[in-house]
Structure formats: structure tokens, C-alpha cells
Amino acid sequence: MEFSRLIQTLIAAMALEQRSGLTVGSLRTILKVTGGVTSRVFIMIKSLAIEAIETGEERITDEAVQSWQPVWAKHAWNIPRQPAAAFR
């Protein structure tokens, strides 16, 4: 319930022209894809809203949620790793 309210609040903040009525299945997908990490949820909703505006859809659809690809998964292995400095 609280997660649903969070998503509804985020979508409302995106100022899309059409109402985005997402199903429970889409909410579950958002939760699964983001792992419940708040920053990832924000990134996903923002990305979906941008796509909705660019395509002229002006709403986030269940289909868009299902086909969305997480940016962090595409680039996670490209982040250079530095060994942690030893404490002396």
C-alpha cells in the first residue's frame, strides 16, 4: 500500500498530461526491477516519464514498465574498482 502511494506520488510529480493507472502487476515489476532501492525507483519513474513525453504517450503504461531496462544493470560492470586503502 505504501509503495503504491510512493509510485503514485512520483508519477504525479512528473506532470504528465494523462493519468498513469498502473496495475498491481506493474507495481510488482517496479519493485522487482529496482530491488526496492528508493533511488532506483526514482530513476525508473523519471526515465519512464521522459519516455512517455518523448513518445507523446504522456502517461506511464503497464507496457512501458514491463519493457523498461534498468540503466544500472547495463553499466554496473563498467565501474572501475579501486582497492580499499589500507588503514595504518
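**View 1. The largest pocket and what lines it.** H1 is the top contributor to the lining of the largest pocket, giving 5 residues. This is a predicted model, and the pocket in it holds about 260 Å³ of space. In total, 13 residues line the pocket, and Gln8, Ile11, Arg19, Ser20 and Gly21 sit nearest its centre. Sort the lining by character and you get 7 nonpolar, 5 polar and 1 charged.

**View 2. The largest nonpolar core.** Here we're looking at a core of 17 residues, where Ile7, Leu22, Ile30, Ile45, Leu48, Ile60 and Val65 touch the most other members. Four helices chip in with at least two residues each: H1 (2-13), H2 (24-34), H3 (38-55) and H4 (62-67). The biggest share comes from H3, with 6 residues. As a rule, nonpolar side chains in soluble globular proteins tend to be buried together.

**View 3. Zooming in on Leu22.** Leu22 is one of the core residues that touch the most other members. Who does Leu22 contact once its neighbours within four places in sequence are set aside? Its partners are Ile7, Ile11, Ile30, Ile60, Thr61, Asp62 and Val65. Of these, Ile11 also turns up among the residues nearest the centre of the largest pocket.

**View 4. The two faces of H2.** Ser26, Leu27, Thr29, Ile30 and Thr34 are the buried residues to look for in H2. They end up on the same side of H2 because they cover an arc of only 160 degrees around the axis. Flip to the face turned away from that buried side and you'll find Val24, Arg28 and Lys32, which are exposed. An α-helix has 3.6 residues a turn, so residues three or four places apart point the same way. Right after H2 comes Gly35, with a positive phi of about 65 degrees.

**View 5. Ala15, a positive phi outside glycine.** Ala15 sits in the loop between H1 and H2. Its phi is near 55 degrees, which is positive even though the residue isn't a glycine. Is Ala15 buried or exposed? Ala15 counts as exposed because its relative accessibility is 61%.

**View 6. Glu58, another positive phi.** For this one, head to the loop between H3 and H4, where Glu58 is found. Glu58 isn't a glycine either, yet its phi is positive, near 60 degrees. With a relative accessible area of 15%, Glu58 is buried, since buried means under 20%.

Conventions: Residues are numbered from 1 along each chain as its sequence is written. This is a predicted model: local features need pLDDT of at least 70, side-chain atom pairs count only at pLDDT 80 or more; totals for chains, interfaces and linings use all residues. Side-chain values use heavy atoms; hydrogens and water are left out. A nonpolar core is a set of buried Ala, Val, Leu, Ile, Met, Phe, Trp, Tyr and Cys residues joined through side-chain atoms within 4.5 Å. Buried means under 20% relative accessible area, exposed over 50%, partly exposed in between (1.4 Å probe, protein chains only). Contact means heavy atoms within 4.5 Å. On a 1 Å grid over the protein atoms alone, a cavity is a set of points where a 1.4 Å probe fits but cannot get out, and a pocket is an open set with protein on both sides within 12 Å along at least five of seven lines; lining residues have an atom within 4 Å of a point. Grid points are joined across faces, edges and corners, and a volume is the space filled by probe spheres set on the points. Ala, Val, Leu, Ile, Met, Phe, Trp, Tyr, Cys and Pro count as nonpolar, Asp, Glu, Lys and Arg as charged, and the others, Gly among them, as polar. The arc is that of the directions from the helix axis to the C-beta atoms.
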